[in-house]
Structures are given as structure tokens and as C-alpha cells.
Amino acid sequence: MVATLKELAAKEDKLSPGHRLCAGCGASVVARMILNASTLPVVVASATGCMEVSTTIFPYTSWRSSFIHNAFENSGATMSGVEAAYRALKRKGKMKDEFNFVAFGGDGGTFDIGLQSLSGAFERGHRMLYVCYDNEAYMNTGIQRSGATPMGAWTTTSEVGKKQAGKIQHRKDLTGIMAAHGGYVAQASPSNWRDLVKKAEKAFAFDGPSFINVLAPCPRGWRFPSEQTIEFARLAVETCYWPLFEVEGGKYKINVKPKTKKPVTEWLKPQGRFKHLFKDVNADKLDELQKFVDDQWDRLLALESACRLD
Amino acid sequence: MARVEAITGNVAVAEAMRAVEPDVIGVYPITPQTIIVEAYAEYVAQGEVGTEFVAAESEHSAMSICVGAAAAGARTMTCTSSQGLALMWEELYIAAGLRLPIVMFDVNRSLSAPINIHCDHSDTMGARDSGWIQIFSENAQEAYDNFIQAVRIAEHPDVMLPVMVMMDGFVISHSIQRVELLDEDKVKKFVGEWKPDYPLLDADHPVTWGSFDGLGGFYFEYKKEQYDALQRAKDVSQEVAKEYAKLSGREYGLFEKYKMDDAEVAIVAAGSTAGTAKTVVDTYRQNGIKAGLIKIRLYRPFPAEEMVEALSGLKAAAVLDRSPGYDVLGGPIFQDIQSALYQSGTSVPLVNYIYGLGGRDVLVSHIEKAYEDILNVAKTGKVDKKVDYLGLKE
Amino acid sequence: MTKWNYKGIKAKDLPKGAVIPEGGTAADYETGGWRTKHPVLDKEKCINCLFCYAFCPDSSVIVENGKVVGFDLKHCKGCGICAFECPKDAINMEDE
Ligand code: SF4
Ligand code: SF4
């Protein structure tokens, strides 16, 4: 049973206010939802990034649970160490408490610099949930491209000029990479809070590694007004740019199938980072993005039906 | 009952680890350290230890795992060599800055390029200012003894810093030596139970590790306190050594003085070379020449005052560095000693030899050459070449 | 309020390794000053779906017994998500 908002609201948030994330930041909505889904105390690790710096400015911490920041590329390994300590101390009878373990990383800390550390942690099978809050660029250092930045997006290292229209390459399929590891793997969006909370609950109940990739719109880096953070997460789902699915025991399941798939331009157009794509010269880029989304969606549908066969 | 065994340096270290039986080991294999990892994996497989043995996917992750485990409240160890230590570089500073008492064994090996798997001290020297305590060992027995003492030094409330213990790759790590192993329960009693101040794993007392030091924060003050703690490790290492002597009968100083009482010339060396140098000293002594040796043990914090005291009055001394010093001022140990002498206003004619890089054999004749040179300096009072090389091919 | 007394903390009292020895101290830090607009609730229109609570990035929608009772203006940054997401237009963003 998924907790209701009424039940969730009755508990104190595990992330306190007073953090210094931007107004309307998607990352803190994601963190709140994930953490509040845990019925056990949690230990949180975070890679260097917006969330980490904004929530731990000494002597202020927003974490009402134990928290550790180590470095940028090693949220997975750091949490592996915490979980190993838990196992050892339990076995030796030195500790009674029970915990869930949650590691956070942005897309830079997960898709790029922290991928090896995450992969190692997954392969070793530590009981932890790794959450990537994907805001599609290095936002903490001021909007640079990452392996998660969509093709065509403007960032300060994928510029728009006479010879280039934003990022040249498509984003990588991190959720697919993680699904290839086994464990419990899902993709979620804060707009679909029930689905997200349910996935977090499933991850916490799973006796092994789990990974949830959550889209975390960034008003500053995507260039949209702060009140529309959830709306952009929603549009990403409705256009099938950001499909909601999960992989359990190697089986794919799509959790939300929009009745009508909105054109991806509905998601792109209001975002300042894609503004240049709507000039005539870049019409082919829009087509290519739509094709990317369609291919991704078709592939997912095929994977789902292939998994239903046996 | 202590037992005597004929084992390699690597097995001696694994035995020390088993006796301490840390809560967590985060580790990655690399030559010549691998045998330690393999031996410990065997203890785990046989159910002889209750350690959580985490075989990481890189040394960077191995040290990251150690940082996470130590902050969680576990007694934590690792071991590495060469490129492995280099890959840990970022995490070394974090472990020290977070004041985590992680204990690591570094089996000394050269650094690439060209790739070379044999002994020199370049790896350790690259980490000499990372805030870790560093302890050199001459042989397998010392590696064993130092590693056990390192736990107590690291976890001492006046210190709370990570410790790195070293021995020479292959020369010591792979050669069979006589080692006296202590009873494991006595070792466990000696290291005691580890009670951390702020473990992550305490549901009633949530804590935040790795906080962000904002503008106008305390970074500077933390670094000063870290420096002070590192200096305190000098005295703490001696307290621990005294207690360990009661247990083992083997006492360790900040460094070892060999035939230094009336010495007129001396060599300063670290690692297995000191063993070779002792036999050279003995030969000189038989011929009535007053030669001595100082063997480095505690390298960080560097016991500068004590070193100056030990060297003062010598007519000449040679410092042997088993790592390349890339600037004109010589190798790292030489620079430390030269600075210490200069600061205290003590003048001892000093020469530096870079030797043994990439596992180049350290021959008696090389060490004799150094002694002959300083005997000549003692006679003439003149140093021709401040920094020279021993054993370089023509 | 926090138990750990960090106000005017001196170098000699710093916890080793910059550990913050208590959870949630950031609640003492007020971010309300960032706002240019603040949310105002129309209780008549509100159906207590709690979407505003769910989507607030700053845990600033105050819920008591399953009902929205107001906003934590010490921390609310005025992002406007609650007002935008409210299905009943029960929240209005008003100038400071
Ligand atoms: S979103 Fe609107 S209707 Fe729902 S609880 Fe909040 S104010 Fe009330
Ligand atoms: S305006 Fe933003 S910060 Fe303020 S209560 Fe509404 S959602 Fe929360």
C-alpha cells in the first residue's frame, strides 16, 4: 500500500527547510518524497552538487537523519562503506538500530563522474537505494553539459552559435545501463508523486541494490519560471520524453502510458535552453529530438511486451 | 603464547589485520600488495573473522568505502601500493580532514611511467603532505608490529587521524622472514574496542558528515587543528610504543639509532635499505671507523627536533632517498632533514643520494660508496656534490 | 530549536572534522527573506488534496490533521509551485 499524502504529511519531513536550494528547485521535492517514503530511519549520502552544498552549510544541516558527503564521484562507494559497517556491527552485536540507506547524486555525479562507483556498488549488491536527481546538466557549477543533457540544449559548455545549436550528442540511457546490472531499477518523476513514493517504498523493501532515476527540473538551468517545476516534470512524462517505468527481476513494466502522446515540442518550447531550436534553421533538430523520443518509447514498449512473453 | 613463523612481509601484515579483526576492510588488488588481500579473503572464506570484506572496483572506491565505513562508526582498514595509492589521492585528504582513524598498509612500489612494479618510496612520498601519519618498517616483523600500533595511534583522542604503514615491495613483502606473532586475543585487548564520537549509525543522534564550509567558515581553523593533531601523534606514538613493548618485548622509537653514540659519520635511510646499511656499519666498526645509521620510522609527523639532536656533532652525514626528488634541492627525506638542521641553526655537512628507484638492487657497494664519500667530507669539510645517485647504470 | 549551541561558536569548540553533531539545524536558518511574493490560502476553495504540501520544495505548507492550515513564512521562498499546482485555485501569490 502506498502511503497517502495525509499519512506522509502527519510525519515530520526528513529534510528540514532552511536549505539554500533555489526557489522552485525540483531536487528538494524529489528528496523529500523519497525520504518520507521510508518507515525506518535513513542514512543519506550525497555526491557533491547543488543538493549537497545547499543542505549542509556549517553549522546548518537540513538532514534530520544521518548524512555524509564524501566527494563528487563516490556517493555509491561511500554508501557501500556505510552499509558494510552496518552489516559488520550488526553481526558483531554492536548495534541495534535498523536503517534504510539512500545515496543521492545529480546527473553529473551519476551519469558521468560517479558511474563507476555506482556500478561497483550495484554489482556488490549493497542494500541501498541510489537516487539520481537528474536536472540534465552540471547546475552547481553553473549549467555545463553532462551525459544527461539532451541534444540541442544550450548549456555554458554546449553553446549556441553560428556553427553549433546547443549540445551535439543525445543523452545516454542511464536507467537502461543500471537495469543491465539487475536489482530494482526505476525511472520516476515528482509530478507523479504516488508512483515515485511507491517506487521508493519498493526499493526500501528490496533486499539488495536499487536505483531510481528521477527527473528534477531546474528553473535556473532550463530557463523557466520557478512555479512551473512540477509542470515541466509532468510534460516530460506526457510527451514520453521521460517515460515512467520499472525493471524488476529483469522485467520491464511501463507505469504510465499517456492516452495521447504530446509532441515533444510542448515540453521543449517553453524552456529557454531550447529557444534556438525554434528558428527555421534548426527545424531538423526538432525532428531528430522527436525521433529520439519515439524510438525510446517504442523500444520500451517492445521491452515490456518481450518481458510478458514467458 | 606468541608463535614464531617463517612468513613473507605480506602475510605478516595479513596476520596483524586478522589479529585486530577490523569491522570493515575496503580494498582493491595491486602488485605487490595483493597477497595481503588474498590472505584476508581466505580468512573471511574460512569464517575466521567477522570483518565485512568489501572488494571494491577501484582504489578510489576502496578508500571511499573506508571513509563511509569509518564515519558510520566501524574500525576500518585497507592496503594498497603505487598507482593504487595515487588513485586514492583525493580521498586521502578527505579521510584526514574528516579525522577518520583509518589504518592502511602501503607496500612501497614505484610510480608509472614507465610502469614498473618494484620497490621505491615514490608512492608514499606523494602522500607525505596529505595529513596522514606515516610509519616506515624495515622488515616483516616491524611491518607487523607497526600495523598493530597504528590502530592505537590513529584512534587516540588527541590524534584521530588516519595512519599509513609502509614496507618495501618484494624485498620485504615477498621474502620469507622470521616473524614473532602475538596471541590474537592479546592484540585485541591491546587495540581495545573502538567507540566513535559521531557514528552515522545512531538513529537517536543523527549527524552530518562532510559539511560545507561556507564563506566566512572555519576551514582555516580546521586545518590548524588538524596540523596540531598530527604533531601530537609524535608523543602518542611513543606512549603506544611503550605499551606495545610490554606486550611484545620490542620497543620502537621515533627512529632507530644504530651505533650512533660515538658516531662521526652516519647514513639516514628508510625501509629495508637500513638492514643492508647495518651490516656495512658493522664492517666499518670492525675496522675502527666510527660509522652509524639512523633508520627512519615515524616519517609524518617528522620528528625534526629529535633528528637534529641525533645528527648534531656528526662530521658528515648522507641521506638516502628512494624516490626521485625532481627539484634541485634533493629528495624528500633530505629536504626535511636539511630544513630541520637549518631551522635549528645546526650545521652538519650533508649529502643526498637518490637510489634504488624502480627496484634497482641496493648493494653493499652502493652504501659503502656513500660512507666513503662522507668520510671524505668529514676529512676535508667540503661537499662536492650535494645531490648524487647510487647504482645508476652507465 | 537545536540543542547544540553553535551561536557564536569559537574555533576551540568546533567538532572534529566539521561534523554537525545534530540533525535539522537548518530549520534555524530563515530563507523567507528571498521572497518577492507569498502564498495566501483561500480556505473556502481548498479541498485538502495536499498537492501543495507534496510539491513544496521547502517543506513550507503547514498541514495539521490532514488539513492545510497555512504556510511557514520563515522558510517559504515564494516559488509559487503550490499556487500553480493547486487544482482549485485556492492559493494566490501576493506581493510582499
Ligand atoms: S493544493 Fe490547493 S486544494 Fe489541495 S490542499 Fe493545497 S490549497 Fe488545498
Ligand atoms: S510558494 Fe513555494 S516555497 Fe512557498 S509554500 Fe508555496 S511551494 Fe512552498
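Student: Where in chain B is Ala113(B) found?
Tutor: Welcome, and keep in mind that this is a predicted model. Ala113(B) follows a cis peptide bond that joins Ser112(B) to it, with omega of about 0 degrees. As for its place, look between one strand and one helix of chain B: Ala113(B) is in the loop between β5 (103–108) and α6 (122–126).

Student: What is omega for the peptide bond from Ala113(B) to Pro114(B)?
Tutor: Follow the chain onward and you stay in the loop between β5 and α6 of chain B, where Pro114(B) has its place. The bond from Ala113(B) to Pro114(B) is cis, and its omega is near -5 degrees.

Student: How far apart are the closest N and O atoms of Arg285(B) and Asp262(B)?
Tutor: These two residues sit in distant parts of the chain, 23 residues apart. Arg285(B) belongs to helix α10 (residues 273–286) of chain B, while Asp262(B) lies in the loop between β10 (255–258) and β11 (265–269). A salt bridge needs a nitrogen and a carboxyl oxygen within 4 Å. Arg285(B) and Asp262(B) form one, with their closest N and O atoms 2.9 Å apart.

Student: How many salt bridges are there over all chains?
Tutor: The one between Arg285(B) and Asp262(B) is an example you have already met. A search of the whole structure, over all chains, gives a total of 54.

Student: Which side chain of chain A meets Glu85(C) in a salt bridge?
Tutor: Between chain A and chain C the count is one salt bridge. Its N to O distance is 2.4 Å, and the partner of Glu85(C) is Arg234(A).

Student: What area is buried between chain A and chain C?
Tutor: Start with who touches whom: 39 residues of chain A are in contact with 38 residues of chain C. The size of an interface is often given as the accessible area lost when the parts come together. Carbon and sulfur atoms give 66% of the area here, and the whole comes to about 3,000 Å².

Student: Which helix gives the most to the side of chain A that touches chain C?
Tutor: There are 22 residue pairs in polar contact between chain A and chain C, counting pairs with both residues at pLDDT 80 or more. On the side of chain A, α1 (5–10), α2 (26–36) and α10 (229–238) each supply at least two residues. With five residues, the helix that gives the most is α2(A).

Student: Which three residues of chain B supply 40% of the area it buries against chain C?
Tutor: Here 14 residues of chain B are in contact with twelve residues of chain C. The buried area is about 1,300 Å², and carbon and sulfur atoms give 67% of it. On the side of chain B, 40% comes from Tyr198(B), Phe218(B) and Tyr222(B).

Student: How many residue pairs are in polar contact between chain B and chain C?
Tutor: You will find zero salt bridges across this interface. Polar contacts are another matter: with both residues at pLDDT 80 or more, the count of pairs is four.

Student: Which strands stand at the edges of the open sheet?
Tutor: Nine strands line up in the order β8(A)-β7(A)-β5(A)-β6(A)-β4(A)-β3(A)-β1(A)-β2(A)-β9(B), with mixed pairing. An edge strand has a single partner, so one of its sides is left without a neighbour in the sheet. The strands in that position are β8 (251–254) of chain A and β9 (208–209) of chain B.

Student: Which residue is the bridge partner of Val185(A) in β7(A)?
Tutor: Strand β5 (residues 184–188) and strand β7 (residues 245–248) of chain A run antiparallel and are joined by four bridges. In β7(A), the residue bridged to Val185(A) is Val247(A).

Student: What is the phi of Asn65(C)?
Tutor: Strand β2 (residues 61–64) and strand β3 (residues 67–71) of chain C pair in the antiparallel sense over four bridges. They form a hairpin with two residues between them, and Asn65(C) is in the turn. Its phi is positive, at about 50 degrees.

Student: How many nonpolar residues does the shell around ligand 1 have?
Tutor: Among the residues around ligand 1 are Cys46(C), Asn48(C), Cys49(C) and Ile91(C). Asn48(C) has a positive phi of about 55 degrees although it is not a glycine. By class, the shell has one polar residue and no charged ones, and its nonpolar residues number ten.

Terms used:
Residues numbered from 1 in each chain as written. Chains lettered and ligands numbered in written order. Predicted model: local features only at pLDDT ≥ 70, side-chain atom pairs only at ≥ 80, totals over all residues. Heavy atoms only, no water. Contact = heavy atoms within 4.5 Å. Buried area = accessible area lost by both parts, 1.4 Å probe. Polar contact = N/O pair within 3.5 Å; in protein donor to acceptor, adjacent residues only side chain to side chain. Near = heavy atom within 4 Å. Nonpolar A, V, L, I, M, F, W, Y, C, P; charged D, E, K, R; others polar. Pairing = 2+ DSSP bridges.
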